[in-house]
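Hi everyone, thanks for making time this morning. I'd like to walk you through one model and talk about how its parts are held together.

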Amino acid sequence: MQTRTLGATGPTVSALGLGAMGMSGAYGPADREESVATVHAALDAGLTLIDTGDFYASGHNELLLAEALRGRQRDSYQLSVKFGMLTAPDGGFIGIDGRPEGMKNFLAHSLTRLGTDHVDVYRLARLDPAVPIEETVGAVKEMVDAGYVRHIGLSEVDADTVRRAHAVHPISDLQIEYSLLSRSPEADVLPTLRELGVGMTAHGVLSRGLLSGHWRADSTIGPADWRSFDPRFADGNVEHNLTLVEALRRVAGAKGCTVAQLAIAWVAAQGDDIVPLVGARSRDRLAEALPATEVHLTVDDLAEIEKAVPDRAARGSLDASAALSEILG
């Protein structure tokens, strides 16, 4: 497995990371045994970066990972953990808490659930409009100094927020949605990250399955599935978006890879400072994603991909922060 370094100050991690959110029901029911087996398969294949959030099914995801990681050497993997999202007993999101005292409470619970004495990268899930980012990052810095956190990351914030946070403590990476269908970071965010020496962990690289090559216009979305909030999957939009996928499939076929592999490889090809996260919930999906690290895209390949899926070609495109705002109301 190839490796990449998260920014100028972050850890060296596998060139592909595993996003664990889908293992806790975000996209419909998930099989616990298969999820654990998938984590094992990822580690055995050389993936070292595992991303979670303390609010994924109200701690379920962290407990699941603790089970899957039991017996593994702690220095053989890196845990990226998001905090700050508040959830109700029914699973609904009810707010964001970036207060220093809130962060310390969240971290204490995460360390216990994960069964570890430190988190490798700790990040506020979304900016708390009531708390300056300097206060939140300053508090996480205290946890770095105390040894509970190794590196500080950010999630779904703009370029100005990255600058302000980085002035308090070096930021290892920004986690943000970035894919062929979601390219807004290219305008201001990505140039700022590179100016400051901050890496990127890209989530949503398969656009929640839309770019997997397996989604169909008649695929069912359950009421608890996060895709029910994504307008790219809405009637009238999904049909158009799947025509883009079919165009991409033709490029993938000529390249000798799958649509999913091509979509992941495209993200990775945008810079060595970017680590794509794949949200595989099964060993089969993981096995399909892994060869993406071996797909080398030439200038001509990238041009063909651009023709197949031009920037802003998707209908109903909505970034993660906006989608969350819809959920929060």
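Let's begin in helix H7, residues 238-255, where Arg-249 and Glu-246 sit three residues apart, about one turn of the helix. Keep in mind that this is a predicted model. The side chains of Arg-249 and Glu-246 meet in a salt bridge, at 3.0 Å from N to O. Are these two buried or exposed, or somewhere in between? Arg-249 is partly exposed at 33% relative accessibility, and Glu-246 is partly exposed as well, with a relative accessible area of 36%. Elsewhere, salt bridges that share partners link Asp-97, Arg-99 and Glu-101 into one network.

A quick general reminder: side chains of opposite charge can pair when their charged atoms come close. How many salt bridges does the structure hold? The count is 22.

Here is another one within a helix. Asp-160 and Arg-164 form a salt bridge through their side chains, with 3.9 Å from N to O. Both belong to helix H5, residues 159-168, and because they are four residues apart, about one helical turn separates them. Asp-160 counts as partly exposed at 45% relative accessibility, and Arg-164 is also partly exposed, at 31%.

Now for a pair in strands. Lys-82 and Asp-51 are joined by a side-chain salt bridge of 2.6 Å, N to O. Lys-82 belongs to strand E5, residues 78-83, while Asp-51 belongs to strand E4, residues 49-53, so this bridge ties together parts that lie 31 residues apart in sequence. Lys-82 is buried, at 3% relative accessibility, and Asp-51 is buried too, at 4%.

That brings us to the strands themselves. In what order do the eight strands close into a barrel? Going around, the order is E3-E4-E5-E8-E9-E10-E11-E12, and the pairing is parallel. On average, neighbouring strands of this sheet are turned by 30° against each other, direction ignored.

Let me take you through part of that barrel, strand by strand. Strand E8, residues 119-124, runs parallel to E9, and four bridges join them. Across that pairing, Arg-123 stands opposite Gly-153 in E9. To get from E8 to E9, the chain passes through helix H4, residues 133-146, in a right-handed β-α-β crossover. Why call E9 largely enclosed? Five of its seven residues are buried, so the rest of the structure largely encloses this strand.

Next comes E9 with E10. Strand E9, residues 149-155, runs parallel to E10, with three bridges between them. Leu-154 has Leu-174 in E10 as its bridge partner, and Ser-155 stands opposite Gln-175 in E10. The chain crosses from E9 through H5 to E10, again as a right-handed β-α-β crossover. You've met H5 already: that is the helix that holds Asp-160 and Arg-164.

How many residues of strand E10 are buried? Seven of its seven are, so to speak, under cover: the strand, residues 171-177, is mostly covered.

One residue of E10 deserves a pause, and that is Ser-172. Ser-172 counts as buried, at 1% relative accessibility. Its side chain makes a polar contact of 2.7 Å with the side chain of Asp-173. And what does Ser-172 touch, leaving aside neighbours within four places in sequence? Its contacts include Leu-6, Gly-7, Thr-9, Gly-10 and Pro-11, along with Val-121, His-151, Ile-152 and Gly-153, and also Val-198 and Gly-199.

On the other side of our walk, E10 pairs with strand E11, residues 199-203; the two run parallel and share five bridges. Glu-177 stands opposite His-203 in E11. Helix H6, residues 189-196, carries the chain from E10 to E11, and this β-α-β crossover is right-handed.

Last stop: E11 pairs with strand E12, residues 274-278, in the parallel sense over three bridges. There, Met-200 has Ile-274 in E12 as its bridge partner.

To sum up, we have a barrel of eight strands with parallel pairing, and salt bridges such as the one between Lys-82 and Asp-51 or the one between Arg-249 and Glu-246. Thanks for listening, and I'm happy to go back to any part of this.

Note on methods:
Residues numbered from 1 in each chain as written. Predicted model: local features only at pLDDT ≥ 70, side-chain atom pairs only at ≥ 80, totals over all residues. Heavy atoms only, no water. Salt bridge = Lys/Arg side-chain N within 4 Å of Asp/Glu carboxyl O. Buried < 20%, exposed > 50% of the residue type's maximum accessible area, 1.4 Å probe, protein only. Pairing = 2+ DSSP bridges. Right-handed = clockwise from strand over helix to strand, strands pointing away. Axes fitted to C-alpha atoms, helices over the stretch in contact; angles between N-to-C directions. Polar contact = N/O pair within 3.5 Å; in protein donor to acceptor, adjacent residues only side chain to side chain. Contact = heavy atoms within 4.5 Å.
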